[in-house]
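Visitor: Could you take me on a close look at a single part of this structure? I would enjoy one connected walk through a sheet and its strands.

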Amino acid sequence: MKSTQYSEKVLDHFRKPRNVGTLEGDDVVIGRVGNPVCGDLMEFYVKVKDDRIEDIKFKTFGCGSAIATASMITELAKGKSIDEAFKITRQDVADELDGLPPIKMHCSNLAADALRNALNNYQKKKKPSEPSDTQGGGSREIAGADRFIGNGVFTEITDPSALKDKRVMVMEDGDRSLNIALELTKYTQRVVYVTARKDLPAGNLSDRVAGSKIKILFESEVLEIKGLNTVEKVLIHDLNEDEEYELFVDCIILPARK
Amino acid sequence: MSVYLDYQSSKPVDPRIVEAMLPYFHDKFGNPSSLHAVGDTATEVLESSRAAVAHFIGAESDEIIFTSGATESNNLALIGHALRNKDKGNHIIISEIEHISILNIAKYLEKNGFVVSRVPVDQFGRIAIEKISERVTDKTIMVSIGYANNEIGTIQQMETIGRFCRDKGITFHTDAVAAEGLIPIDVKRDSIDLMALSSNDVYGPQGLGVLYVKKGIRINPLNIGGGQERGLRSGTENIAAIAGMKKAVEIMGAEMATETKRLQQYRNRLIEKVLDLVPRSYLNGHPTLRLPNNAHFRFEGIEGESLLLSFKERDIAVSTGSACSSKTLEPSHTLIALGLLHEEAHGSLQITFGRFNKDSDFETLLETLPQIVKRLRKLSPLYKWEV
């Protein structure tokens, strides 16, 4: 079966997904699975009252079956008790949709996992919470940084026009780095901003960056700079997913040395 | 009415070409290896087709080998050349954005003792000559760079790369399938030693390819048998398809200039309109140095398979570099080489068009696209801006 040969029921849920959106409130828990790297990301917003799912909404970035399975599970879960909802499996979702193409059974059938993630968060919430802290910026050594100084690795930019049309990565260094990133957008379409934070610090500068076409990599750090004679790619560590991947860039601007 | 905007995947055969092929199925069915008159008829069309293809690319007749398709041509060129020249060296240079057939042939060669370097590209998909030059060693026997990229349509500076290889005494191979019939190709001007072409990409039948082998370039055959095609590609020739290829290059030779002008107008308008109609949309590939029939976009916050599926529901055929639509579940290696993140590669849309597209096809696409993107963005947890 080709990847896009879906059952009528999948197509129906793809065309008219049920329960799209978000929910807010103290009684709402959020579940999330997948990541944009693999191509599917699902978020569920579950409103629980007396251990029963009163309302549920979702948002999905992904293929046809990712959208359909998320939509289907909201219908299956609504009104169910927490215990009942925990029992909904990937197979149940696929069966209710009259099956999924074999290749999609694994990668795009994450709805049951996402729902369980939300339910787990609900149960954790009932117990006293442990403070979850995110790692700070961290000034870990970047492998290869010294080797490429002047050949794609910079600590300061005196002439941004020299980076015209280059793919530039800017590492977080407070306002200084935000300013550099914004300035560079005048010279190149591709500016990638890397930060270990979850969000940009509130402020006018951050708003301008968020509204620009700068690509921001949150919760990420640079592990290694690679290339033959000049910078060609970097190895990125996604702190949230604990995954590593390579990204092609032409230059990288390090934080100022203190 | 259905709209087909995926010419890069497959092109309809021009009815004039079908007509030129028909006699060779029944009336003129011979085998060129036979010495009787029926065989002579087949020999005639085989040789005149060879001459026509040679003329189309600025080559000599005896430099043209017919194969079963461009993939076979690439195999014969890379593996045949590597085996024949392994005494001179074992190093081959390709780029990060080669067609899947070249990438997999390179992997096969690596498993068999050859060393392959992959040249990175810039953000538009162009290869800088310095990036090739710094990878050359005294063991380098071949450079293989696609004439133009089959996904994003970026055209390479072939003349410069060809001259560089000629000066270094390195064999220069190119997979020219994406470019053929869309930009003028001249093997002499570009100092090309080996070049793969396909019949379908000039609106001929599928199942026929060409390998140009410059005089003096030595390769080993991979298909062993009756010694057809100067011993480089044994097997009875596919005469009807070869007759079709002849007609295909004749038509292309006569009509390419006007045809590409028309396609270029479609392309320019399409790019301008899409970037204007869809917020946070980007063009992948080079803004000007790109094939006249290629427009390649990415849209922030959405995924390509659901985009394709939405178009399919409206009877519009397009393509994407998203992992979710591929057999391997990996996003397009070409888009990754441009420096895109996986999530960005997932949100891509490839539109390729050609001889039989009409104005209305583009109007339909432009009417539909913004609505589809809007709907998917409303569903997306990644799109943080106003839909």
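Guide: Gladly, and one definition helps us start: two strands count as paired if DSSP finds at least two bridges between them. Please keep in mind that this is a predicted model.

With that in hand, look at B:Leu197, whose bridge partner in S8(B) is B:Val210. This link belongs to the pairing of strand S7 (residues 194–198) of chain B with strand S8 (residues 209–213) of chain B, where 5 bridges join the two. Strands S7 and S8 of chain B run antiparallel. In general, the strands of a sheet pair through backbone hydrogen bonds, either parallel or antiparallel.

Now step back to the whole sheet. Chain B has an open sheet of 7 strands, in the order S2-S8-S7-S6-S5-S3-S4, and the pairing is mixed. Strand S2 (64–67) and strand S4 (115–119) of chain B are the edge strands, each pairing on one side only. From one strand to the next, the twist averages 20 degrees.

While we are in chain B, let us also visit a helix. Helix H11 of chain B covers residues 359–379 and includes B:Thr364. Because 18 other C-beta atoms lie within 10 Å, B:Thr364 is classed as partly exposed; the buried class would need 20 or more. Leaving aside residues up to four places away in sequence, B:Thr364 touches B:Val3 and B:Ile316. B:Thr137, by contrast, lies 52 Å from B:Thr364, C-alpha to C-alpha, with the two 227 residues apart in sequence.

Technical notes:
Residues numbered from 1 in each chain as written. Chains lettered and ligands numbered in written order. Predicted model: local features only at pLDDT ≥ 70, side-chain atom pairs only at ≥ 80, totals over all residues. Helix = DSSP H or I, 4+ residues; strand = E, 2+ residues; numbered from the N terminus. Axes fitted to C-alpha atoms, helices over the stretch in contact; angles between N-to-C directions. Buried ≥ 20, exposed ≤ 12 C-beta atoms within 10 Å, placed from the backbone. Contact = placed C-beta atoms within 7 Å.
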